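I opened this notebook to keep track of what I looked up, one topic at a time. The entries below follow the order in which I went through the structure.

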Amino acid sequence: MTAFRSNSYKVVICGAGPAGLMAAYQLGKLTQNAGQILLVDKKEPWKEPIFCAEAVSNHRLNKLWPVDESWVRGTISGIYFTSPKGYKAEFYSKNCGLLLDRSKFHRAIACACVDAGVECHFDALVKNIARNGNGWNLDVKVGDEVVSLSASVVIDATGPGCRLTRGIPCLEGIESGNTDLEPAIFAVAEGIEHKRDHIDLFYGSEFPGGYGWIFPRDGKEVNIGFVLSKEAKPDMPLREKLKQFIASRYPNAGIKTICGGMIACGQSKKPLAKCGLFKAGDAASCVNPMSRSGIVESLISGKIAAEAAHEWLAATDDAARSRIEASVLDRWMATLGKTHLQIAKAKLGFVKVKDEQFDKAAKRLSELPREKQTLFKIFFAVLRSCPSLIWRMRSFLH
Ligand SMILES: Cc1cc2nc3c(=O)[nH]c(=O)nc-3n(C[C@H](O)[C@H](O)[C@H](O)COP(=O)(O)OP(=O)(O)OC[C@H]3O[C@@H](n4cnc5c(N)ncnc54)[C@H](O)[C@@H]3O)c2cc1C
């Protein structure tokens with residue numbers, strides 16, 4: 001007696017982060033509750049800790065999933081861009097962002113999946129997938145038992161890296177989920193003075209190729225951490241570096257937990273679907289290369305994967321199925337991928353900005369009234385302080 005209702009599914013979605021949850025929900029809706037859609041994750045998707053600062057754009061999320069206060073920690077109305085010497089440029093836009101309680105958000109989408117007829121198992125590790133004729137075989141471990149399942153379509157939403165799809169000949173060349181994989185680490189801490197509706201971002205050589213951050217949580221706690229470029233060679237382990245970052249600026253801070261993870265923050269032009277396997281979210285390297293945000297991006301990419309998979313199942317010949325697979329990259333490019341390609345180019349220039357140049361730009365901006373500190377002005381103040389960047393970023397500017 002296995003944990004599953006069947007041993008054969010139309011679609012198995014592997015991974016129940018934002019990408020997998022959204023893909024499963026969409027497929028549930030598109031197949032009109034007809035079943036045969038399975039969502040599996042090795043753990044409950046609302047189990048803490050979730051490796052994330054949990055910030056999203058308010059209006060972009062609202063377009064994808066109606067915002068419900070029960071899973072919102074707070075509202076963001078501004079960002080401080082802080083230079084190495086501590087000059088602060090402020091971007092202000094009332095209610096521009098949200099701080100999510102991702103555990104609760106995941107649970108809300110998972111409930112919607114169940115309502116849409118999706119079979120969900122949040123104790124099921126996909127150990128292995130293999131091509132079988134026109135479909136896929138999956139070995140799924142639940143408890144001590146390994147169950148063999150089959151599926152016409154697999155959606156890989158297992159997060160960064162390519163654990164599931166590595167070494168499968170027919171998937172050669174598919175996006176790996178490894179593009180520009182960068183290390184990130186944060187602490188949940190108390191005793192750090194901050195504005196509850198502002199994010200603080202720290203730039204300069206202390207965070208080579210990346211940035212430090214403070215994201216408010218509940219008014220008392222903050223999420224404080226940093227992301228570095230994959231080329232960065234920190235002179236100490238990331239955990240020590242984080243503790244030093246906190247202690248040097250906030251000697252009264254009390255660290256409650258430390259979490260780390262990798263972020264796939266590059267955009268490639270590699271295919272996102274092959275042989276009935278569709279990639280979504282971090283597994284498709286769909287994170288914004290500069291801000292490193294990936295929640296909304298994963299929801300969008302999960303939706304695209306689900307719509308394409310649904311069309312694929314209805315297609316009547318191999319040529320049509322191949323066209324649909326190829327179109328997944330086009331759909332992603334048309335939505336966000338093209339912008340991400342440009343941002344990835346700009347990032348190459350941005351990492352070369354020197355501490356003095358950040359200081360000069362932030363000082364100049366901090367002298368302007370708040371209403372004049374637009375994101376556009378902030379971006380161009382950094383460019384003006386480092387003229388060689390304008391040449392490097394020319395592709396980004398037109
Ligand atoms: C430190 C840090 C801070 C971040 N802060 C932000 C932020 O503030 N805002 C933002 O927008 N983005 C942020 N991100 C990025 C964001 O967290 C990710 O882009 C997003 O979670 C990707 O969603 P996903 O569904 O693709 O993958 P994930 O959320 O990683 O979900 C993948 C799921 O797959 C499951 N899984 C993996 N392998 C298997 C397997 N073999 N079998 C079964 N299940 C499996 C995992 O358990 C997991 O639940 C941050 C990332 C990090 C590391």
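**Entry 1: strand β12 and its neighbours**

I began with strand β12, residues 211-216, and found it mostly covered, since 6 of its 6 residues are buried. I kept in mind from the start that this is a predicted model. Looking at the two faces of β12 separately, I noted Y211, W213 and F215 on one side and G212, I214 and P216 on the other, and all of these are buried, which leaves both faces covered.

Next I looked up the strands that pair with β12. Strand β11, residues 198-202, pairs with β12 in the antiparallel sense over 3 bridges, and in this pairing F202 stands opposite G212. Strand β13, residues 222-227, also runs antiparallel to β12, and 6 bridges join the two. Here the bridge partner of G212 is F226, so I wrote G212 down as a residue with a partner in β11 and another in β13. The hairpin of β12 and β13 has 5 residues between the strands, and among the details I noted there is G219, which takes a positive phi near 100°.

**Entry 2: salt bridges**

I then turned to charged side chains, with the reminder that side chains of opposite charge can pair when their charged atoms come close. How many salt bridges does a search of the whole structure find? The search gives 18, and I followed three of them in detail.

The pair I took up at the start was D101 with R73, whose closest N and O atoms are 3.8 Å apart. This salt bridge links distant parts of the chain, with D101 in the loop between β5 (88-100) and α3 (102-115) and R73 in strand β4 (residues 72-82), 28 residues apart. Is D101 buried or exposed? I list D101 as buried because its relative accessible area is 12% and the cut-off for buried is under 20%. R73, with a relative accessible area of 21%, is partly exposed.

I went on to E221 and K256, whose side chains meet in a salt bridge with 2.6 Å from N to O. Because E221 lies in the loop between β12 and β13 while K256 belongs to strand β14 (residues 254-264), the pair ties together parts that are 35 residues apart in sequence. E221 counts as buried at 12% relative accessibility, whereas K256, at 47%, counts as partly exposed.

My third pair was E311 and R331, where the side chains meet in a salt bridge of 2.7 Å, N to O. E311 sits in helix α5 (residues 295-314) and R331 in helix α6 (residues 318-350), so that this pair, too, links distant parts of the chain, 20 residues apart. Both partners are partly exposed, E311 with a relative accessible area of 36% and R331 at 23% relative accessibility.

I also recorded that salt bridges sharing partners join E54, R73, D101, K104, E190, R217, E221 and K256 into one network.

**Entry 3: helices α1 and α3**

Lastly I looked up how helix α1, residues 18-30, packs with α3, and found an angle of about 20° with the axes 9 Å apart. That angle makes α1 roughly parallel to α3, because angles under 35 degrees count as roughly parallel. The crossing of the two helices is left-handed. For the contacts I noted P18, L21, M22, A24 and Y25 on the α1 side, which meet R102, H106, I109, A110, A112 and C113 in α3.

Technical notes. Residues numbered from 1 in each chain as written. Predicted model: local features only at pLDDT ≥ 70, side-chain atom pairs only at ≥ 80, totals over all residues. Heavy atoms only, no water. Buried < 20%, exposed > 50% of the residue type's maximum accessible area, 1.4 Å probe, protein only. Helix = DSSP H or I, 4+ residues; strand = E, 2+ residues; numbered from the N terminus. Pairing = 2+ DSSP bridges. Salt bridge = Lys/Arg side-chain N within 4 Å of Asp/Glu carboxyl O. Axes fitted to C-alpha atoms, helices over the stretch in contact; angles between N-to-C directions. Parallel < 35°, antiparallel > 145°, perpendicular 65-115°, else oblique. Left-handed = near helix turned anticlockwise from the far one by under 90°. Contact = heavy atoms within 4.5 Å.
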